[in-house]
Amino acid sequence: MPQPNVGEIISSTIQARNREYADNHTANNAILFWLSKKGNIRPLDGGDKIYEEVSFTDNTNVSSF
């Protein structure tokens, strides 16, 4: 029996693929699951970097020793 090449394997399985992305992280991580359940996850369109502005202030009432 001849061995199929990669092109034949891809062409035979490409029609059976799902067009949605699988998410194996959100359901298996407690924080991500909670955020998803509350509707606090915002999907973004592509890109290799995400810039989000963060505001903070120094707390003068707290100190460490």
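In the predicted model, T26 contacts L32, F33, S36 and I41, its neighbours within four places in sequence being left aside. T26 itself lies in the loop that joins α1 (6-13) to α2 (30-37). The relative accessible area of T26 is 14%. T26 therefore counts as buried, since the cut-off is under 20%. Among its contacts, L32, F33 and S36 fall within the span of α2, residues 30-37.

Both ends of α2 show local features. At the N-terminal end, N29 acts as the cap. A side-chain oxygen of N29 lies 3.1 Å from the backbone nitrogen of I31. After α2 comes G39. The phi angle of G39 is positive, near 75°.

The overall fold is described by a few totals. The protein contains two helices, α1 (6-13) and α2 (30-37). Strands number zero. Of the 65 residues in the protein, 2% are buried, and T26 belongs to the buried class. The exposed surface of the protein comes to about 7,400 Å². Carbon and sulfur atoms supply 54% of that surface.

How values were computed
Residues numbered from 1 in each chain as written. Predicted model: local features only at pLDDT ≥ 70, side-chain atom pairs only at ≥ 80, totals over all residues. Heavy atoms only, no water. Helix = DSSP H or I, 4+ residues; strand = E, 2+ residues; numbered from the N terminus. Buried < 20%, exposed > 50% of the residue type's maximum accessible area, 1.4 Å probe, protein only. Areas by Shrake-Rupley, 256 points an atom, 1.4 Å probe, with all protein chains shown as cover. Contact = heavy atoms within 4.5 Å. Polar contact = N/O pair within 3.5 Å; in protein donor to acceptor, adjacent residues only side chain to side chain.
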